[in-house]
Amino acid sequence: MTPAVEVLSVEKTYPNGTHALQPVNLTVQEGEFVTLLGPSGCGKSTLLKMVAGLLEPSNGRLLLWRRPVEQIESTGHRLSFVFQEPTLMPWARVQGNVRLPLDLAGVPAAEANPRVHDALAMVGLDKFAGALPRELSGGMQMRVSIARGLVTQPTLLLMDEPFGALDEITRNKLDSDLLELWRAKKLTVIFVTHSIYEAVYLSTRVVVMAARPGRLVEEVPIDEPYPRGPEFRVSTAFSQYAKRLQDSLLRASGTQAEGALS
Amino acid sequence: MSTVAEGAAPASPDAARTAPLLSRPEVQRVFYPALVAVLLIGLWQWWVTAFDIPRFLVPSPLLVAQTLVADAGLLFGALFTTLKITVFAFVCATVLGVLIAFAFVQSRVIETALFPYAVLLQVTPIVAIAPLIIIWVKSPTASLVICATLVALFPIIANTTLGLRSVNPGLMSYFKLNRASRLQLLWRLRIPSALPYFFGGLRISSGLALIGAVVAEFVAGTGGTGTGLAYQILQSGYQLNIPRMFAALLLITVTGVLLFAAMAWLSRWALGSWHESEAQPG
């Protein structure tokens, strides 16, 4: 197995002195679906942004396919980042929004347009190519955002609480769609969430994090076969995993409280 | 029974189409202000005739209209002169304002150094500096254009600068993540984000350009070009030709409203499909 992402003693301290993340070690293998789970302020988004190169680590090293983040192109791999909000351009139609990364890279329209169409088809929005973002629902906007992430044909997909603002039904649907994409495209995914159930449902491995200071608590492999249907969500195994993650989160915040008292 | 239902069914969409005209918002938007205008003008006409107000104090609306027709050549010629200065000044203010805003956004140092002077320009009354400009600049038309430009400039600078800075931070991160160049950032992100603010500036500035042109003409007075609407108002005042004064005033007002409407239309045309401020409800 090839490690896709290696996080080596990476820590982050903001200029104002906030210790956002204590030194973290984490390896994500190619083809894994790893979820960073934790409460607000545990540094999960910070960690993900450092992997993407959006933030500089204060210390430690980050490797993607054994190279520094800036050199990812030389490895033949590509990363895409999906934000918490759809972050679409309100003035551009759906196809223009999805084509954006290709336009920025200077891909000619003749080559870009079929790829845009394919990406929209993957998220089931090929009929909405000509729509404006404000004409779409929140869930559809998020799908556009994911299509924009897929159009560059990434091998590594980084997702920062992408479905956090959606209702549960839409979220569950998008979760299953995401799993299908992950399997079909053999992606490596790092997914950030604060939902225990989302973490169990999606992941091959869950990384539990805790806040103040942000740190890595435990790694829990979810050894359940794919495809995972809706029935998995109500199975005993699912509940057991959820219980284990919840205990882990509670324990982490508990030790924190004791630490504060002593 | 069935015949009644069949007869009623096609009638309902018809009824929807011929809903009372006054319940439509677009009709209301024209009808109610027009109603106020008709009432006020009627009241004015009645008041002037009933109390026998002399025409050199307050002319009746009818007389103003007659004067507008009788002096059409003179007044519309003057309107053309004023409009020319207004449009020139408005275009100059737009181009200059946008260029200055771009310079401000490129570097905080430039903005910090120069913004106070933009404010200074805005707060200095144009009547105070117009005489100087009229003395310094040889061509009367050019001096009037400069005055009107100075009046109209600030809203464009302020609004466009604000707009170019008001970029969604998430989109900014996304562009940076995709290693967008400075030019791509400007062209694909900053400029579209700035458009709603820019059009807001245009609306304010179009009116200000007209006010600037008229005020500058007043200051230039009979010594200036002597053909604009402000000159006609001054002249009519000297000659106690009050109906013509009213007619000239009416032309200025209508021009201002039309300029504003043109900018509003332009804004809707450019942003209508995507921006909340111009989107039709529903």
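Which residue takes a positive phi just after helix 2 of chain B? That residue is B:Asp52, with a phi of about 55°. Before we look around, a word on conventions: this is a predicted model, in which local features need pLDDT of at least 70, side-chain atom pairs count only at pLDDT 80 or more, and totals for chains, interfaces and linings use all residues. Residues are numbered from 1 along each chain as its sequence is written, while chains are lettered from A and ligands numbered from 1 in the order in which they are written.

**Two helices of chain B**

Helices here are DSSP runs of H or I with at least four residues, and strands are runs of E with at least two, numbered from the N terminus. The expected span of a helix is 1.5 Å times one less than its number of residues.

| Helix of chain B | Residues in helix | Expected span | Span between end C-alpha atoms |
|---|---|---|---|
| Helix 2 | 26 residues | 38 Å | 37 Å |
| Helix 9 | 39 residues | 57 Å | 46 Å |

For helix 2 of chain B, residues 25–50, the two spans agree. Helix 2 of chain B is also hardly covered, with a count of zero buried residues (buried means 20 or more other C-beta atoms within 10 Å of a residue's own, with C-beta atoms placed from the backbone).

Helix 9 of chain B spans only 46 Å, against the 57 Å of a straight helix. It bends by about 45° at B:Leu195, and B:Pro196 follows within four residues; the bend is the angle between axes fitted to the seven residues ending there and the seven starting there. Just after helix 9 of chain B, B:Gly221 has a positive phi of about 60°.

**Where the chains touch**

The contact draws 13 residues from chain B and 13 residues from chain A, counting residues whose C-beta atoms, placed from the backbone, lie within 7 Å. On the side of chain B, helix 8 (169–177) and helix 9 (182–220) each supply at least two residues. Helix 8 of chain B gives the largest share, five residues.

**The sheet of chain A**

Chain A holds an open sheet of six strands in the order 6-7-8-3-9-10, with mixed pairing; two strands pair if DSSP finds at least two bridges between them. Strand 6 (79–82) and strand 10 (215–221) of chain A each have a single partner strand, so one side of each lacks a neighbour in the sheet.

Strand 7 (residues 156–160) and strand 8 (residues 188–193) of chain A run parallel and are joined by five bridges. A:Leu156 has A:Thr188 in strand 8 of chain A as its bridge partner.

Methods:
Two residues are in contact if their C-beta atoms, placed from the backbone, lie within 7 Å. A residue is buried if 20 or more other C-beta atoms lie within 10 Å of its own, exposed if 12 or fewer, and partly exposed in between; C-beta atoms are placed from the backbone.
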